[in-house]
Every structure is written in structure tokens, then in C-alpha cells.
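Student: I have this one open for the first time. Can you walk me through it, starting with a single residue?

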Amino acid sequence: MAPLFFFLLAIFSFADGGSIGVNYGRIANDLPSPSKVVKLLKSQGINRVKVYDTDPAVLKSLAGSGIKVTVDLPNELLRAAASKRSFASGWVERNVAAYHPHTQIEAIAVGNEVFVDRKNTTGFLVPAMKNLHEALVKFNLHSDIKISSPVALSALQNSYPSSSGSFRPELIEPVFKPMFELLRQTGSYLMVNAYPFFAYESNSDVISLDYALFRENPGVPDAGNGLRYFSLFDAQIDAVFAAMSAMKFDDIPLVVTETGWPSKGDDNEIGASMENAAAYNGNLVKRILTGGGTPLRPKADLTVFLFALFNENKKDGPSSERNYGLFYPNREKVYNVPFTTEDLKDYRDKQSPATGDMGGGQVRVSAPNNGSRSGSGSGSGKSWCVASDVGKDRLQTALDYACGEGGADCRPIQPGSTCYDPNTLEAHASYAFNSYYQKTGRAAGSCYFGGAAHTNLGNVSFQLDTEKVKWLDRLLVLIVDFVASLVNLINVIWMVV
């Protein structure tokens, strides 16, 4: 057997990752002034914000702050912007050119979730986007400011499994195709609003809460693309990527313009709680800032805007709609959530595992590899679980179990991820086996996998067949019984004395 080399990478790798922003909604009557909001954003290290209009007080307060801003042209103005170039030009002049660059506007969201707008403004979307872009060109702002439109996941015809992602057929030719062509032509990106909460709330009987909250879980395999998903968020985003790929628009980036989890809801809103909101947003920030993209696009670092900055007491709908805020109106946090890589150093989701990464494969714990990779650390006092030479079929079966029911963190060995190379069955199996072994605290019998694995301590390898494992188990039981009997005997002697 070739020599084994081991990785000991039990530290966070906060390399350049994605970016976190927040949505600053204002459907409330108790919010702080825009100037106080800007101070709050800066104090939290938040350098991106998305607003739902172009309120002068807000844009003026953001001037000189260094915070990048996405503004919105409301749905009710789509018809006018689509019908008259002069309206689009005037709107850009008054609401964008008048503030930029002192207020660092980086994008215009043209409408919001237009396809589900009850006023049926879909037909005006792309013409409005084109007219607004022409206005940006007119004022020489097109290099700095992008045009796009936030799309809800309801625009997908299919979203599960992710590999079958496709857009609703009636939207492809009249809307998505010309919109993607415009995005490609202008170097822009697709804006997507994604809410795993809604999917979990409606399907809590089949969707694991851990899967929705970026916590440790066995993962969900996708037979269509051969990948395994460990978070509902990744699965949803990859469904959009798959839908774009089906239309031959793989080159267009994606920005998540809304995502969040309510800290409170009505009795029938399953999963709406402060604990779950803290876990979702905290683990999501960790997932984004540590980089890694999605399983389908591992190098596509994402920009994500959390929804929302404040609880908004005047919003209609169920209780959850008024409880997505990260902050109360008095600017105190609703729950602890990190916003920067510095914050992540002290962040722990109390129900997350002690080892392993909940996103992006950037936290690598005791990752053994066979072959071309060398590792650091002597391994003194440490034991590792590695693959045995048992043949391809047995090894593959054991690997499938480890990454499935066993709950090993197998994301880093997915194509394009950090530990995919060397791309051999033995190396991948060693990684998965050891992930499970370390997760269980190197418990006795946890490095067996039907005889497909063995432990390794330094340079000494212990390979156990079935009979030896059974013998050791029996010996362990005898030792435990003996110790228990000895303790009882001592207690009896002590009582007599």
C-alpha cells in the first residue's frame, strides 16, 4: 500500500469569500432616522444595503459613508418607464445621477418579484430595464451601475431536484431570454430572492430543519448532477443556475437580493422562531463569507442581502412578515448574528457540530488523503480513520453510507471543492470515513464501515477484521463490568468499616 499522508487543517480558512448586505425596508412607524441607520450599518461593518425606493433622506444620509447601495424602481412605475424613454431618463437623472457617486449606488433593481405582482406588470419589465440602461449610458453611469430585477423562486417551473431546475415556460421567450441577453450585454447579474423558510414551512414533514438551517445533516443526493446538497439554500440557488444553464446563459452571475428567516410567527407558521432565525442567518453569513460557491458552481462567490434590517410593524400578512428584522427599532439586535469575518471568529451556532463546516467546504477538519497531497502535523496522540484495500465495490458502498446515513461532511470532496483532488476513490473514502470518525469523538467501532476502514496512529496502522472488532467489543464489556463490580465492592467495604 502506498504511504499515507494526512492533513490536519482544523482552523477556519477565512479566505476571500462572498459579500453580505442587508435590505433596509421602512414599512413601519417606529424606525430610527436614516442618519442613525447609517451609523448602525457602519458600526456593524455592513457595507452593502438595498432599499425599496429612492427616498432623498435615505440617499443623502448614505452619502460619503462608503456603503454600496442598490435602489429600486417600484413596480407601479414599470409601465411609465417602459412606455416613455423620457420618463426613464428623468427618473435616473433625479434619483440616481443626482446622488452618485457621493452616494455609492451600484445597482438599480427594476421592480421587485414582478412575476407575482397582482397588477400584472410582467410585460413592462424588459422594456423598462432597457430604457433605464439607456438613461445610465446617457449620464455615463453604465460602467458603475448595473440594471437587474429581483426574481422570486416561484418563477421556476421545477426546482427539485436542483439539476431539473427550469423556468416557467410562459416566461422564457417573452421575458427571461431578452432579460438574460440584456444582462449579458451590460455585464450585469440576475437578482434572486430565495427563502428556504417558505419551503420548510410548507414541507416540514419531509425537509430536515438542520438541512434548512445549514446544520450538520446527511445531505440530499441529486442523481441528475451527481452532487449531494447539505443546505436547502444551496439547492435552491443551484436550481436557478440549472435553469439558466438550460437556456445557455451559464456566464451570468447571480446575486441573492433577499433571504432571511422570521424570529416569530403565527401558530401555523412552522419553524418561525428566534432560535431558528439566529441559526439560519448566522450560518448563512458564515457560509457566504468563507467562500466556496455552491455545489454546482463552487467558484461562484455570492453576494447575499439579508432580509431585513428592522422588524417592520406596518407590514400586512401573517406575523412572520413583521418579524424578519435583525434589529429592533431601538437598534438593538433581535439575536446575535455576525456580519463580518472578524465577527465569525467568535460566532458559534450552539447546535452546530464541534467540527466540520456548514458551508463552502472551507473548514477542513482532519482530512486524510492518499497520494499527491502532503500534510502538516505529526499526528502524535491522534488517530485517523482511513480507507482499507478492500476493492472498489466495497469501498464505494462504504463511502455512500458515510456521506449518506453516516452524516459525514462530504462537501469538500465534491467536484471543484477544496479536497476534491486527488480524485481517487480511496482518497475520497478516507476523507469521508475520517470525517465521521472525528465527528463521533473517535468512538470505538466508529472506524469500521463493514471492514472498509481502519485506524492509523502516527505511522502505526490498526486494521481490524470482523472477528477482532467483536472480540474487542466483548473485552470492553468485560472491562466495564469489572470496574463496576470493583466500585460496588469498595462501597460495601467502606460501609462495613
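Tutor: This is a predicted model. Let's start with Asn-311, which sits in the loop between β14 (303–306) and α11 (341–344).

Student: Is Asn-311 buried or exposed?

Tutor: Asn-311 has a relative accessibility of 10%, so it counts as buried. The cut-off for buried is under 20%.

Student: What does the side chain of Asn-311 reach?

Tutor: One contact is with the backbone nitrogen of Tyr-324, at 3.5 Å. Another is with Gly-325, whose backbone nitrogen lies 2.7 Å from a polar atom of the Asn-311 side chain.

Student: OK, new topic. How many strands form the open sheet?

Tutor: The open sheet has 9 strands, and their pairing is parallel. The order is β6-β5-β4-β3-β2-β14-β13-β10-β7.

Student: Which strands stand at the edges?

Tutor: β6 (146–148) and β7 (150–152) do. Each has a single partner strand, so one side of each is left without a neighbour in the sheet. From one strand to the next, the twist averages 25°.

Student: How many bridges join β10 to β13?

Tutor: There are 4 bridges between β10 (residues 190–193) and β13 (residues 254–259), and the two strands run parallel. One of the residues involved is Met-191, whose bridge partner in β13 is Val-255.

Student: Now the pockets. What volume does the largest pocket have?

Tutor: Its volume is about 1600 Å³. The lining of this largest pocket has 48 residues, and the closest to the centre are Glu-113, Val-116, Tyr-195, Phe-198 and Glu-258.

Student: Which elements supply at least two residues of that lining?

Tutor: α7 (196–202), β11 (220–222) and α9 (232–246) each do so for the largest pocket.

Student: And how do the residues of the lining of the largest pocket divide, by nonpolar, polar and charged?

Tutor: The lining of the largest pocket has 23 nonpolar, 10 polar and 15 charged residues.

Student: How much space lies in the second largest pocket?

Tutor: The second largest pocket holds about 360 Å³. Its lining has 18 residues, with Gly-226, Gln-396, Leu-399, Asp-400 and Gln-414 nearest the centre. Two or more lining residues come from each of β11, β12 (227–229), α12 (392–403) and α13 (425–439).

Student: Which element gives the most to that lining?

Tutor: α12 gives the most to the second largest pocket, with 4 residues. The whole lining of the second largest pocket divides into 10 nonpolar, 5 polar and 3 charged residues.

Conventions
Residues are numbered from 1 along each chain as its sequence is written. This is a predicted model: local features need pLDDT of at least 70, side-chain atom pairs count only at pLDDT 80 or more; totals for chains, interfaces and linings use all residues. Side-chain values use heavy atoms; hydrogens and water are left out. Two strands pair if DSSP finds at least two bridges between them. Axes are lines fitted to C-alpha atoms, for helices over the stretch in contact, and angles run from 0 to 180 degrees between N-to-C directions. On a 1 Å grid over the protein atoms alone, a cavity is a set of points where a 1.4 Å probe fits but cannot get out, and a pocket is an open set with protein on both sides within 12 Å along at least five of seven lines; lining residues have an atom within 4 Å of a point. Grid points are joined across faces, edges and corners, and a volume is the space filled by probe spheres set on the points. Ala, Val, Leu, Ile, Met, Phe, Trp, Tyr, Cys and Pro count as nonpolar, Asp, Glu, Lys and Arg as charged, and the others, Gly among them, as polar. Buried means under 20% relative accessible area, exposed over 50%, partly exposed in between (1.4 Å probe, protein chains only). A polar contact is a pair of N or O atoms within 3.5 Å; within protein, one must be able to donate a hydrogen and the other to accept it, and residues adjacent in sequence count only if both atoms are side-chain atoms.
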